[in-house]
Amino acid sequence: MSSPREGASAAHTAAREDGSEKSLIGPPPGADPPEEHLERALGNRHLQMIAIGGAIGTGLFMGSGKTISLAGPSILFVYAIIGFFLFFVMRAMGELLLSNLKYKSFRDIAEDILGPWAGFFAGWTYWFCWIVIGMADLVAVTAYVSYWAPDLPKWVASVCLVLLLLGLNLVTVKLFGEIEFWFALIKVVTIIALIAVAIVMVITGFVAPDGHRAALDNLWNDGGMFPMGVAGFLAGFQIAFFAFLGIELVGTAAAETKDPSVTLPKAINAIPIRVGLFYILALAAIMCVTPWRLIDPGVSPFVSMFGLAGIGIAASVVNFVVLTSAASSANSGIYSTSRMLYGLALDKKAPALFGMLSKHKVPAKGLIFSCCCLAPGIILLYSTDSIVEAFTLATTVASVLFIFVWTLILCSYLVFRKRSPELHEASTYKVPGGTLMCWVVLVFFAGIVVILAMEPDTRMALAVTPVWFLVLGLVYQRFRTRARREALHS
């Protein structure tokens with residue numbers, strides 16, 4: 001696949017708000033260009049595994065039992081529908097990133113196409129998303145470590161994890177890629193092992209101690225595929241949607257990939273296969289072995305199934321897998337937030353120190369700042385007794401904010417198609433269905449927001465998210481005022 005010319009952004013018309021402010025990719029006019037740039041040190045295998053890690057959320061291991069209890073076998077359709085629509089978001093992001101290889105992330109896309117306000121809101125909202133998820137991950141990691149060390153002080157595991165990931169990310173971006181590669185590999189091996197064990201149990205007609213037999217017809221012989229009706233089917237979206245948060249991380253990592261014009265399309269195109277394998281087949285395998293009504297929503301079905309298979313150390317194995325999954329999520333958060341701060345600093349929408357790179361070509365100050373912002377997550381450990389409640393609240397807030405970010409990507413694509421048709425025609429990585437599918441996905445997102453408003457716990461999180469945008473709006477006005485003042489004195 002041929003690479004688009006890096007000068008293609010000239011066809012984009014920079015959005016102006018008042019004549020004194022302009023969307024930029026890189027430093028402002030008149031400023032000395034930075035001598036250092038993010039290093040393209042990630043290879044194809046790194047990006048592929050980063051994409052897998054983003055597509056397999058902690059929710060698959062933590063919340064799949066609850067989603068099955070809410071929706072029954074129809075949960076398979078829930079994951080398929082979510083994965084289907086998010087695939088088009090990723091394709092839109094892919095076409096936009098490859099239309100101009102100077103784009104470092106979707107924040108740059110929004111900045112250049114929709115205007116400075118979009119870049120500011122996209123960057124800081126995405127940063128906040130991962131900080132919130134990172135706090136939830138610290139809570140989760142503490143719970144998993146306490147399985148083996150119940151007397152260990154709560155703060156120890158969280159602080160050690162943050163220091164470990166910070167130290168590793170400060171070394172080099174390639175090391176981040178290696179960490180994510182092995183974290184994602186652990187997830188993949190576990191899921192494939194579960195599917196393989198389930199197939200053997202179905203073929204051999206395994207009978208559990210309580211008398212139920214492993215069989216394919218367990219998927220539909222108890223109320224059909226929609227035993228909980230429409231209400232149960234819709235309820236499944238509330239939890240399943242969490243599992244896909246971070247799927248766009250592959251776009252953030254593309255700026256540090258050796259050959260994005262080749263590796264990025266490969267990673268995005270494989271998303272449907274990964275959703276089918278890691279979500280649909282895994283959950284179908286679980287429900288074939290254990291009838292869905294017998295699955296305990298408070299226990300990981302992965303643990304239960306390995307236990308039925310006679311694997312005595314199932315609880316410890318799955319606990320380790322979920323621990324690495326949460327650590328992987330925290331690692332992705334630390335990485336992506338520092339890159340967002342780097343891009344915001346280059347566009348003068350964040351303190352300049354976040355735009356400085358270390359000798360290892362990583363935004364060290366942004367990494368340290370993001371890690372410090374995870375401290376409230378440690379405080380959260382001592383302010384609540386319910387890890388599940390804290391995790392649900394955090395991920396619901398993050399879900400709403402991610403919908404906002406993904407919506408900006410789609411809106412950027414719609415404007416791109418109208419403003420730069422020649423770049424779209426020249427692209428060899430076009431969005432299937434084009435603008436029509438973008439509008440369909442936007443309608444789907446609106447539906448998800450309605451679903452989140454249906455339940456009390458998610459409705460509360462939905463109600464507090466406007467506070468974030470109000471704060472962002474006030475801060476953005478300060479940046480605009482400062483930009484105008486500097487323009488008048490220049």
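This passage describes aromatic pairs, the nonpolar core, helix packing and selected local features of a predicted model.

A search of the whole structure returned 27 aromatic pairs. One of them joins Phe 120 and Tyr 476. Their ring centres lie 5.2 Å apart, and the planes make an angle of 45°. The pair is classed as tilted because this angle is neither under 30 degrees nor over 60. Phe 120 belongs to helix α5, residues 116–148, and Tyr 476 to helix α19, residues 456–489. The two residues are 356 positions apart, and the pair thus links distant parts of the chain. Phe 120 has a relative accessibility of 0% and counts as buried. Tyr 476 is also buried, at 4%.

Phe 233 and Phe 237 form another aromatic pair, with an edge-to-face geometry. Here the centre-to-centre distance is 5.3 Å and the interplanar angle is 90°. Both residues lie in helix α8, which spans residues 229–240. They are separated by 4 residues, about one turn of the helix. Both are buried.

Leu 234 lies in helix α8 as well. Its relative accessible area is 25%, so Leu 234 is partly exposed. The C-alpha atom of Leu 234 is 9.1 Å from that of Ile 448, although 214 residues separate the two along the chain.

A cation–ring arrangement is found at Tyr 429. The charged end of Arg 91 sits over the ring, 4.0 Å from the ring centre.

The largest nonpolar core comprises 139 residues. Within this core, Trp 406 and Phe 445 touch the most other members. Helix α5 is the top contributor, giving 17 residues. In soluble globular proteins, nonpolar side chains tend to be buried together. Contacts of Phe 445 were listed without its neighbours within four places in sequence. The partners are Leu 86, Val 89, Phe 241, Ile 403, Trp 406, Thr 407 and Leu 410.

Helix packing was examined for α3, residues 75–99, and α11, residues 271–289. Two packed helices are described by the angle between their axes and the distance between the axes. The axes of α3 and α11 come within 10 Å and cross at roughly 170°. This crossing angle makes α3 roughly antiparallel to α11, because it is over 145 degrees. On the α3 side, the interface includes Ile 75, Leu 76, Tyr 79, Ala 80, Gly 83, Phe 87 and Met 90. These residues meet Ile 271, Pro 272, Val 275, Tyr 279, Ile 280, Leu 283, Ala 284 and Met 287 in α11.

Helix α4, residues 106–113, is mostly covered. Of its 8 residues, 8 are buried. The buried set includes charged-type side chains: Arg 107, Asp 108, Glu 111 and Asp 112 are among its members. Phe 106, Ile 109, Ala 110 and Ile 113 are buried too. Just after α4, Gly 115 adopts a positive phi of about 125°.

Pro 209 is placed in the loop between α7, residues 173–203, and α8. Its relative accessible area is 81%, so Pro 209 is exposed. The C-alpha atoms of Pro 209 and Leu 308 are separated by 8.5 Å. Along the chain, these two residues are 99 positions apart.

How values were computed:
Residues are numbered from 1 along each chain as its sequence is written. This is a predicted model: local features need pLDDT of at least 70, side-chain atom pairs count only at pLDDT 80 or more; totals for chains, interfaces and linings use all residues. Side-chain values use heavy atoms; hydrogens and water are left out. Rings of Phe, Tyr and Trp (its six-membered ring) pair if their centres lie within 6.5 Å; planes under 30 degrees apart count as stacked, over 60 as edge-to-face and the rest as tilted. Buried means under 20% relative accessible area, exposed over 50%, partly exposed in between (1.4 Å probe, protein chains only). A charge sits over a ring if NZ of Lys or CZ of Arg is within 6 Å of the ring centre and within 35 degrees of the ring normal. A nonpolar core is a set of buried Ala, Val, Leu, Ile, Met, Phe, Trp, Tyr and Cys residues joined through side-chain atoms within 4.5 Å. Contact means heavy atoms within 4.5 Å. Axes are lines fitted to C-alpha atoms, for helices over the stretch in contact, and angles run from 0 to 180 degrees between N-to-C directions. Angles under 35 degrees count as roughly parallel, over 145 as roughly antiparallel, 65 to 115 as roughly perpendicular and the rest as oblique.
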